[in-house]
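Welcome! Please take a moment to look over the sequence and turn the model around, and then we will walk through it together.

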Amino acid sequence: MGKQVLFIQGAGEGAHEEDKKLATSLQNVLGTDYQVFYPPMPDEADPKDEVWMAQISKELDSMEGKVILVGHSAGGAVLLKYLLKENIATPIAGVFLISIPYWGPEDEQEAEYSLQEGFASRLPIGLPIFLYHSRDDEWVPFAHLGIYAKKIPQAIAREFDGRGHQFNNDLSEAAVDIKRL
């Protein structure tokens, strides 16, 4: 078995089908040395952090060796929260977050999704974290990349033009970074 990648989809009706193109792109560029796992997340149209984190935990429990985590949009935000809340037994090789929204303590109406102030200090030390965002993202404001880059100073932030929220269904830049781990 090759290196394992767990890809977590975004949220919304039809998100698993839509993000399948991203997961397929990643698998195609990574090649046979990697295996991309792309499980459907429960209640994608009305996601709940705790439910999604339980599914992530279940998926990771079935994997062996170091795992690479990739999350798109809300899936990336939930992955980040998972890393903060869970005592993870599975070793993580790196985290790759694409077009993720930021909800901070000031976002009272999105309290379930919000991150606590200083959350980055609780991330595993030395864990490679990559952030990807396109300036023309039609769902998540580009400014969210800057917020994350400031709050997670050890992260490598990659800015793009003309890729939209779905990155034109092409994650080749993320694949290059994954291969460099």
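**A walk from one serine outwards**

Let us begin at S73, which touches G10, I98, S99, I100, P101, V140 and H165, leaving out residues up to four places away in sequence. Keep in mind as you look that this is a predicted model. S73 sits in the loop between β3 and α3. With a relative accessible area of 11%, S73 is buried, because anything under 20% counts as buried.

S73 also brings us to the largest pocket, whose volume is about 430 Å³. The pocket is lined by 23 residues, and those closest to its centre are A11, G12, S73, W139 and H165. Which helix gives the most to this lining? That is helix α1, residues 15-30, with 3 residues. Sorted by class, the lining holds 10 nonpolar, 8 polar and 5 charged residues. If you wonder how such a space is found, rolling a probe the size of a water molecule over the atoms shows where empty space is left.

One of the residues that S73 touches is S99, so let us pause there. S99 lies in the loop between β4 and β5 and is buried, with a relative accessible area of 0%. Most residues other than glycine have a negative phi. S99, however, has a positive phi, near 55 degrees. F167 also has a positive phi, near 55 degrees. You will find F167 in the loop between β6 and α5, residues 172-179, and at 1% relative accessibility F167 counts as buried.

Now turn to helix α4, residues 143-151. Which of its residues are buried? They are H144, L145 and Y148. Seen down the axis of α4, these buried residues fall within an arc of 105 degrees, so they line one face of the helix. This is easier to picture once you recall that an α-helix has 3.6 residues a turn, so residues three or four places apart point the same way. On the other side of α4, A143 and K150 are exposed. What do the buried residues of α4 pack against? Their partners are α3 (74-85), β5 (129-134) and β6 (156-160).

From here we can step into the interior. In soluble globular proteins, nonpolar side chains tend to be buried together. Here the largest nonpolar core has 33 residues, and I56, L60, L69, I129, Y148 and I152 are those with the most contacts inside it. At least two residues of this core come from each of β1 (3-8), α2 (49-61), β3 (67-72), α3, β4 (92-98), β5 and α4. Helix α3 gives the most, with 7 residues. A second, separate core has 22 residues, including V5, L26, V36 and I178.

Two residues let you see the packing up close. Leaving aside neighbours within four places in sequence, I152 is in contact with L80, F119, A120, L123 and I129. The other residue, L83, is in helix α3 and counts as buried at 4% relative accessibility. Again not counting residues up to four places away, L83 touches L69, I88, I92, V95, L123 and L127. Among these partners is V95; L83 and V95 are 12 residues apart along the chain, and their C-alpha atoms are separated by 9.7 Å.

Definitions and conventions
Residues are numbered from 1 along each chain as its sequence is written. This is a predicted model: local features need pLDDT of at least 70, side-chain atom pairs count only at pLDDT 80 or more; totals for chains, interfaces and linings use all residues. Side-chain values use heavy atoms; hydrogens and water are left out. On a 1 Å grid over the protein atoms alone, a cavity is a set of points where a 1.4 Å probe fits but cannot get out, and a pocket is an open set with protein on both sides within 12 Å along at least five of seven lines; lining residues have an atom within 4 Å of a point. Grid points are joined across faces, edges and corners, and a volume is the space filled by probe spheres set on the points. Helices (H or I, at least four residues) and strands (E, at least two) are DSSP runs, numbered from the N terminus. Ala, Val, Leu, Ile, Met, Phe, Trp, Tyr, Cys and Pro count as nonpolar, Asp, Glu, Lys and Arg as charged, and the others, Gly among them, as polar. Buried means under 20% relative accessible area, exposed over 50%, partly exposed in between (1.4 Å probe, protein chains only). The arc is that of the directions from the helix axis to the C-beta atoms. Contact means heavy atoms within 4.5 Å. A nonpolar core is a set of buried Ala, Val, Leu, Ile, Met, Phe, Trp, Tyr and Cys residues joined through side-chain atoms within 4.5 Å.
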